[in-house]
Amino acid sequence: MGTSQRRHPPVPSSCKSSRKSMSWTSIFGILALVLLCCAVAPVAGVGAVPSGTGSASAAAAAGSPIFGQVPETVTLKLEDYQQLYHSAFVSRLEREARIKEEEMEAGYKVKVERLAQERTRLQKEHTSRSSSRAGVWDENWLMLNYSTTVDCNLTRPALGTQLSPNSATLGGPVAMATSTFDMVFHIFDDAWTAVPIINTQDIVGEWSIQRQEARPGLTFAAAACNATEEEEEEQHTEPQQSVGTIWKSISFTPELLLVSKSWPNEKESRKETEKQQVQLYHTLLTNQSGTYRLQFKVHSHVQHNRNLHTLPLNFPYAISELGLHLYHDGGGSSANALVGEFSMEPAGYSEVVEKENCTIVKMRLPTTTALTLKWRPHATSPRGPGRSTGKSGSVSGAGGSGSTAANANADANANANAAGGGGGGQKEAELAEEEEVPEVQLATVRHEVLHSISENMLESWNRFNFAYDAEQPVRSVELFVLGSPRVTGVVAHGMQTWQLSQQKNVTLPDYSERQNGTLVQVFFKASVMTKDIVVIVTTESSVDASTGSIELPVIVARNVIRQTGHIAVVKAANIEVLEPDAPQQQRQQQQQQQQQQQQGREKQQLEAEKQASRAVLKCAASELPLSMRSRLDRPVVLAYRYLTANYGLRCSVFMHDELPTLNSLVDAALYQVVLLESQRMHKLTMVIQNSQQQYLAVHDLPQDAKLWSLRVNSLSTSPAKGRNGELLVPLLIGTSGGDHDGGNAALASIELAWMTSNHAPLGLNGSLALAPPRLELPITALSVELRLPEAYAFNFTGSMREVSIFSQKQPRAVNYQTDRHMVEEGHKFGVHNSYSSSPPEDKAGIRVSLPKQGKRYRFEQVLVVSGNAALNGDYSFVENNNNNTEAAHAGLIRGIASSASTAWSWASKLFQ
């Protein structure tokens, strides 16, 4: 506090009256009393600042515990009082300052904690947004708007003007088109991000980059209210931006770079890099988030071939809309610049709008990154004797107004050129006459035909390649099929439809006589503009191979310059196809011997065939085009190449009788028998090579045989009974058409088990018939395994050879069943017991196994046909073992008892 502003408290009057009479002793006493009061005042609760009447001092003196009673007033100097007051005031300010400081520190800590919590919340929200965005979009940037406009100057210089070598005119070889690209993209986070722009191989210039920023001094509502009409119009032409924002031009800085970078990225997998060739791209690098707008121009060459213009375009990102502006001067030669034919690839919708100095083509395309534009101006020619005004072709997707305006301008320019009689008009007429090109040029045709001959059918595959001198719009092509073959199909790229019509007395090139046949008209889409067209036609015709001669069908392309091709003949049946010359000579000799009166007619026919065959040259199958050889699935028996369409080829065909062959064959068979007293268990296992047979007949089974099981291809099934009592086993069980050709398995396994009873027990000696059941199919290798009682000695006779070990392959069961299971997404196949589906059900049924009891005997026979496998066994009882003797005696007693029981039953029936 300054001295000028200090206000002193009033001095008591008692101090003024006694100031002069005070002695030094009293002064020292007063000072001691004041010091004592100052020391006791804080303890007694008395304030240090005295009042105007001295009541504070008296109160302090009265409350003092030392002096008992303190005087009410204290006399001291003004300087001392001011010093005491200043000390008390400063102490109070310090206390208040400390309290405020503590409060400020507590508030600061609270604000710091709140800011930390807010920062944590914002970081969590940012992480959540980034992770959710990464689930659908893994890049840190996103393209918001992408547009392209192509400008091409087609202005033709005035007549008489000398053209410079670098002039980009309509017919100049260095005509250029400028594509203006406008890209708007947004960068999400402040992290270094690479945005590929365009390939460095393109001619790029005039870079311009802008950043979207808030308009200074305007709120959202104020910006919406203060928007002028001009700004509203700009919003329709420029990319959309938020109200209250502006595009601000920026320059490249260390935080905003334009560099050349290879794509795909080097960090990607090698497999992806091998698939896509690594190329350099102009790339924008930045670490600042926001919305950017990048503009640049790309210059492309316009290819020119006669009056056809071709503009190939490659875009860094897929587009679906495009605008093409073709500028011209609008003078007398402007009609040459108007679009008469327009085509795009891939095909899309286009609309042509003709203006005074510009032709605008608006295109809507399927999403693509590569586009080829082709257009042809209207053809014009001066009117005069023997001349007519050129007509413009149709425009793909264009309205009627565009074509009408083009025709009107062409007619007006043609009339002006014809009316001008001066030197300039004559030069224009000469120039127009030199540049006049037919709208549709004739093509050369390369024909490839493949004939397949069977017993009653001749199928032909024809491929026509129409090659034009230059790319042009093709509306239709015509093919004439001679004779009566039926056209079964027509296929062509860009084809819209095709039609058939019967024609008679048609004049064809290279043919002296009129022909009858079928006219095939193939119509193409309006946007097809090409120099090569491929048409595939398939035909079929009924033939009779028993006549010994077949004439191959001929198809002639109409309105073409030339037609050449190759001919290939294959056979699909037991027929023999020979060359036409030798059979013709044989047929001539037979006709001369049998019918002498028709000799002249046959000579004329032979001469005509020889004359037609002069245009046909024989060639090797390896000389056929690759497109023909790739379709061959059988050997080529005849191959030719022809030079004119009038080739008239005839082939000689000889029929051969087809002999039947085996449809099925038993590859291996195993017959097992176990003899148990009066019962016998049988099991027959086979593997069959089957192609067409549905059932297998098993003969010579006993009537009382009890079937235990039948398994075909490891699946249980039921047999059927034939008309003559034989057992029919189905062979197509467990197979499907998708697994095997025709629904029949290459191999089929059969497991048949049965049991027979009521056999006479073995006596002391006797014989047994042990031959297997008879099959209708031949058996390649038959194996027999017998289990007979050990108490008997057996002597086997028959066609089978006894062996100790089988030398032939043994049949094994075949199974064509496969399980189909569905697993959840992300299933780990290596984890044990992770498969959640239920275990497959047992579809095989029971499997009969024969008991291993008795002595084993094995026999083999190779190639069993018509059941010629015979096996008989003579047995005799062997008395070398007590157990065997007892068993033999028991068997003999059982045999006698069984015979007596049977005799008694017959006798009782007889007496009844």
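A residue counts as buried when its relative accessible area is under 20%. With that in hand, let's walk through this predicted model, starting at strand β12, residues 349-354. Its side chains alternate: Ser350, Val352 and Glu354 face one way and are buried, whereas Tyr349, Glu351 and Val353 face the other way and are not. Following the chain onward, a hairpin of three residues leads from β12 into β13. The two strands pair antiparallel over six bridges, with β13 covering residues 358-377. One of the contacts across this pairing sets Tyr349 against its bridge partner Arg364 in β13.

Next, have a look at an open sheet of seven strands, ordered β17-β20-β15-β14-β23-β26-β25, with mixed pairing. Because β17 (486-492) and β25 (616-618) each have a single partner strand, they form the edges, and one side of each lacks a neighbour in the sheet. From one strand to the next, the twist averages 20°. At the β25 edge, three bridges tie this strand to β26 (residues 638-642), and the two run antiparallel. There, Lys618 lies opposite Tyr640 of β26.

Aromatic rings offer another route through the model: 18 aromatic pairs turn up across the whole structure. Phe794 and Phe796 are a stacked pair, because their ring centres are 6.0 Å apart and their planes meet at 15°. Phe794 also pairs edge-to-face with Tyr857, at 6.0 Å between centres and 70° between planes. That second pair bridges distant parts of the chain, since Phe794 belongs to β39 (residues 792-798) and Tyr857 to β41 (residues 855-864), 63 residues apart. Phe794 and Phe796 are both buried, and Tyr857 is buried too.

Notes. Residues numbered from 1 in each chain as written. Predicted model: local features only at pLDDT ≥ 70, side-chain atom pairs only at ≥ 80, totals over all residues. Heavy atoms only, no water. Pairing = 2+ DSSP bridges. Helix = DSSP H or I, 4+ residues; strand = E, 2+ residues; numbered from the N terminus. Axes fitted to C-alpha atoms, helices over the stretch in contact; angles between N-to-C directions. Buried < 20%, exposed > 50% of the residue type's maximum accessible area, 1.4 Å probe, protein only. Phe/Tyr/Trp six-rings, centres within 6.5 Å; stacked < 30°, edge-to-face > 60°.
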